[in-house]
Amino acid sequence: MIAATGLAALLLAQAIPSADATSGAPSSASAAAPPMPTGAEMTARIEANDAALFWNFFEACDPAAAAPLLHEDFRMLHDLAGVAAASAEEFLAGEHEQCDRRKPGGEDEGYRNRRLLVPGSRTIKQLGDWGALEEAHHTFLEWRGEEKGWVQTGGGRYIHIWQWMPQEARFRLLESLSLDHGAAPQYPPEGAQ
């Protein structure tokens, strides 16, 4: 797991291409597109992107902060809704609308929700030299006030295809498959100590 400061530094490094301090032009070191990271570095980058993506869409409700993580050709397929978004622009517009409804005076003022990755459920596999496939399970929670706190409301599985963007030296989410939505699984699992 990457510490919060390490996560921020990794995301910042992915978001800002290196430049020559005097001219602002890309440095000679970044003139040639870097190869896609593999192994532990690839896994760390995908995990960091995943954490930032879901944090910004759920708890922070800040789609603009998550926008750089989406490929311009992003598409989301959802088992309950079909094609949930045919482009990054469409997806971000919908997320902006949801977040605006949560603001003071909005119809869902004060609504809070959370997404939690199910520990041990994630796998990340390299796709040639162009991307990575991430698959995991997660659960969803809603804030129900001081008396009840966070209440688990459901769960699902997702498959993400991350494309390496050599000129940007980072991964962007190309496609999201959101599957197996249903009732919240028991947590902790039966028989857990």
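Where is the place of Glu168? In this predicted model, Glu168 is found in the loop between strand S6 (150–165) and strand S7 (170–182). The residue counts as partly exposed, at 28% relative accessibility. Along the chain, Glu168 and Pro34 are 134 residues apart, and their C-alpha atoms are separated by 8.9 Å.

Aromatic side chains were examined next. The count of aromatic pairs comes to seven. In one of them, the ring centres of Phe57 and Phe91 lie 5.1 Å apart with the planes at 85 degrees; planes over 60 degrees apart count as edge-to-face, so the pair of Phe57 and Phe91 is edge-to-face. This pair links distant parts of the chain, since Phe57 belongs to helix H3 (residues 39–57) and Phe91 to helix H5 (residues 88–102), 34 residues apart. Phe57 has a relative accessible area of 8% and is buried. Phe91 is also buried, with a value of 14%.

An edge-to-face arrangement is likewise found for Trp143 and Trp150, whose ring centres are 5.5 Å apart and whose planes meet at 65 degrees. Trp143 counts as partly exposed at 25% relative accessibility, and Trp150 counts as partly exposed at 23%. An arginine is placed over each of these rings. The charged end of Arg112 sits over the ring of Trp143, at 4.8 Å from the ring centre. Arg114 lies over the face of Trp150, and here the distance to the ring centre is 3.9 Å.

A further group of aromatic residues is made up of Phe54, Phe58, Phe140 and Tyr158, which form one aromatic cluster. Two members of this cluster, Phe54 and Tyr158, recur in the surroundings of His138. His138 itself is placed in strand S5 (residues 131–143). With a relative accessible area of 3%, His138 falls under the 20% limit and is therefore buried. The side chain of His138 makes a polar contact with the side chain of Arg115, at 3.1 Å. When neighbours within four places in sequence are left aside, the residues in contact with His138 include the run Arg115, Leu116, Leu117 and Val118. Gly155, Gly156 and Arg157 are also in contact with His138, as are Phe54 and Tyr158.

The cysteine residues were considered last. The count of disulfides comes to one. This disulfide joins Cys61 to Cys99, with an S to S distance of 1.9 Å. The angle about the S-S bond is -105 degrees, and the link of Cys61 and Cys99 is left-handed. Cys61 lies in the loop between H3 and helix H4 (63–66), whereas Cys99 lies in helix H5, so the pair ties together parts that are 38 residues apart in sequence. Cys61 counts as buried at 18% relative accessibility. Cys99 is buried as well, with a relative accessible area of 7%. Helix H5 thus holds Cys99 of the disulfide and Phe91 of the aromatic pair with Phe57.

Notes
Residues numbered from 1 in each chain as written. Predicted model: local features only at pLDDT ≥ 70, side-chain atom pairs only at ≥ 80, totals over all residues. Heavy atoms only, no water. Phe/Tyr/Trp six-rings, centres within 6.5 Å; stacked < 30°, edge-to-face > 60°. Helix = DSSP H or I, 4+ residues; strand = E, 2+ residues; numbered from the N terminus. Buried < 20%, exposed > 50% of the residue type's maximum accessible area, 1.4 Å probe, protein only. Lys NZ or Arg CZ within 6 Å of the ring centre and 35° of its normal. Disulfide = S-S within 2.5 Å. Polar contact = N/O pair within 3.5 Å; in protein donor to acceptor, adjacent residues only side chain to side chain. Contact = heavy atoms within 4.5 Å.
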